[in-house]
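Hi,

Here is the structure I said I would pass on. Have a look through it, and then read my notes underneath.

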Amino acid sequence: MSKKKQPRATSAKRIPVHEEKARHCVRWLNISLGLGFLYALALTFVISLGLAMPDLKLPDLVQGIILLVWAIAKIGFAFSWVCLYQATGYVKWAIAALLLAASALMPYILTNPESQVFIVGIEALAVTGLSLSLFDLGRATRLDLGIPAGMIFLGVILQILQNQLMSFVGILFLAIGFYLSLKRLVTT
């Protein structure tokens, strides 16, 4: 009368992945994670300089280059998630791609000061979508991307607080999340 130990059932659905197509998509995702990591490091440096020297004003060119790198990274993320959507049919990845593409383009389209709240909101939704999509990708590939995705999500939350110190910690969390995601995706 001994009971055999049943494998534990998970409530999460398994996402079907076409391996060959997904590998190509993950390469683009790795490049975007690398650009996101560079953006987060540069922004961490800029914010730490601002905290140490409040009167320091960085040239507009430097700020523009940092924002351009982040926009290119978000376009790369969007491309990666569209590619993964095509490989899997998982609709959440397509939605995340739309949000990321919109957040990459909005700052260049909506330039009036009144639209900044909208731009920040789309940015927060896009990076949250990126975080959740990384979590789902980890589940689909059986990689542990939960901690990196959580770090990215916490980074978004801390940046919304509009405090320079919390923004610094949030960007630091983004950098760690991007680095850990990149490390786990590259080593497989």
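Below is what I found, first on one helix and then on a cysteine pair.

A bit of background: this is a predicted model, where local features need pLDDT of at least 70 and side-chain atom pairs count only at pLDDT 80 or more, while totals for chains, interfaces and linings use all residues. Residues are numbered from 1 along each chain as its sequence is written, and side-chain values use heavy atoms, with hydrogens and water left out.

Let's start with helix α3, residues 91-109 (helices are DSSP runs of H or I, at least four residues, numbered from the N terminus). Its 19 residues should span 27 Å, taking 1.5 Å times one less than the number of residues. The end C-alpha atoms are 27 Å apart, so that agrees. Even so, α3 bends by about 25 degrees at S103, and the proline P107 follows within four residues. (The bend is the angle between axes fitted to the seven residues ending there and the seven starting there.)

Which residues of α3 are buried (under 20% relative accessible area, 1.4 Å probe, protein chains only)? They are W93, A94, A96, A97, L100, S103 and A104. Their cover includes α2 (60-88) and α4 (116-141).

Now the cysteines. There is 1 disulfide, meaning a pair of cysteine sulfur atoms within 2.5 Å. The bond joins C25 to C83, with S to S at 1.9 Å. C25 sits in helix α1 (residues 19-52) and C83 in helix α2, 58 residues apart, so the pair links distant parts of the chain. The link is left-handed, with -70 degrees about the S-S bond. C25 counts as buried because its relative accessibility is 0%, and C83 is buried too, at 11%.

Cheers

Notes: Helix = DSSP H or I, 4+ residues; strand = E, 2+ residues; numbered from the N terminus. Buried < 20%, exposed > 50% of the residue type's maximum accessible area, 1.4 Å probe, protein only. Contact = heavy atoms within 4.5 Å.
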